[in-house]
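Visitor: I'm new to this one and would love a close look at a single part, the place where the ligand sits. Could you walk me through it?

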Amino acid sequence: MIPVTKPYLPDQSKYQAYVGKIFDSGQLTNNGPLVNALEQRLCSYLGVKHVICVANGSLALQVAYKALEIEGEAITTPFSFAATSSTLVWEGIKPIYSDIDADTFNLDPALIESHVSCKTSAIIPVHVFGNPCNVEEIRNIANKYGLKVIYDAAHAFGVRYKGESILKYGDMSTLSFHATKLFHTIEGGAIITGCDKYAEKVRDIINFGISKSGSIGCIGTNAKMNEFEAAMGLCVLDDMEKIIKSRKSIIKEYIKHLPSSVKFQKVDDDTSDLISYFPILLSSESALLEIVSKLAAENIIPRRYFYPSLDVIYDKMGVCDISNEISRRILCLPLYYGLDKKYVKTIADIIKQVN
Ligand SMILES: *Cc1c(COP(=O)(O)O)cnc(C)c1O
């Protein structure tokens, strides 16, 4: 079976050497040496000031909302994975959907302002498929109304914009290190911020609200990453160059074989190559469904990332026409380290027959 993605597995003996160290030290979790090492290496790999590793990307979002005291309403995108919205609802924050741009698939900055109310406390944009949002416009709107900005950057690991990490924008950005993501720690995630105070608050919150001094200064939760997960992260991080190279060459092969009727996400020239997903926009939902069933007959399973549009699930009104339309026609094609290129040709040939 050819799935849309496959977790990357590093050299097993390297992972076992880390497990040996964990058994020697006896420290399995609670801000252990491997979590510390991973955070330091991620700071330099990504080029950011603070990386706080957590148990998963959903908790990264929830902790970020708590740390920045988000409440009432938050303006967000309907075109994302469910967790962007479900975490808001879980925290008692009402997601207010603003429609996307039909070409970039990100929040259309021209529409955001009309959704600001006296209850709005934040904007939660997503760099969808790693594509940087219009960060300058979003910053202007946030400044004008005194709103916090948290980027759900779960797809934007390693993405650079105008020569710097895209994770530097907003008050905080969050990452997911789930097994299926570009970089992973089995389950895991991180909060990225340039602000020392926020970083300290996040560290307290993920550890039951216990501060450095040992007293409980705020309401916290348990969102800690453990040492076995950090060990996986350290191994995968060593192999990023080879993972990136493999994915880039698969994308190049797709572009070579796909018909010109297939549309791609519009990405600013100042952005580094996007390699987390390979989304294509098809001419109609019926063409998409036909392609999905023809691929399934070959045991090739792409995914409808992201369908349905989240406003339909969490708002019932289905208020975002562009997102609803785009989400019906987007398909993410298989993309992972080591995918045999012969399948790329097969997939492209099937798409050519239909679209
Ligand atoms: C994967 C993902 C998440 C959730 O991350 P988990 O680590 O699976 O909890 C959140 N937002 C987006 C956009 C994602 O793709």
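Visitor: How many nonpolar, polar and charged residues does the shell around the ligand have?

Guide: Sorting the shell by class gives 3 nonpolar, 9 polar and 2 charged residues. Here Asp, Glu, Lys and Arg count as charged, Ala, Val, Leu, Ile, Met, Phe, Trp, Tyr, Cys and Pro as nonpolar, and the others, Gly among them, as polar. Before going further, bear in mind that this is a predicted model, where local features need pLDDT of at least 70 and side-chain atom pairs need 80 or more, while totals for chains, interfaces and linings use all residues. Numbering starts from 1 along each chain as its sequence is written, and side-chain values use heavy atoms, with hydrogens and water left out.

Now for who is in that shell. The ligand has 14 residues around it, each with a heavy atom within 4 Å. The closest are Gly-57, Ser-58, Asp-152, Ser-176 and Lys-181.

Let's zoom in on three of those, using polar contacts (pairs of N or O atoms within 3.5 Å). Gly-57 uses its backbone: an N or O atom there lies 2.7 Å from a ligand oxygen. With Ser-58 it's the side chain, where an N or O atom is 2.7 Å from an oxygen atom of the ligand. Asp-152 also brings in its side chain, but the partner this time is a ligand nitrogen, 2.7 Å from an N or O atom of that side chain. As for how covered the ligand is, it would expose 380 Å² on its own, and the protein buries 92% of that (areas by the Shrake-Rupley method, 1.4 Å probe).

Which helices help build this surrounding shell? Helix H3, running over 57-67, supplies at least two of its residues, and helix H4, at 82-90, does so too. Gly-57 and Ser-58 fall within the 57-67 stretch of H3.

If you follow the chain on from there, you come to Glu-69, in the loop between H3 and strand S3 (73-76). Glu-69 isn't a glycine, yet its phi is positive, about 55°.

Stepping back, the whole protein comes to 13 helices and 13 strands, counted as DSSP runs of at least four residues for helices and at least two for strands. Its C-alpha trace spans about 65 × 55 × 35 Å along the principal axes.

Technical notes:
Polar contact = N/O pair within 3.5 Å; in protein donor to acceptor, adjacent residues only side chain to side chain.
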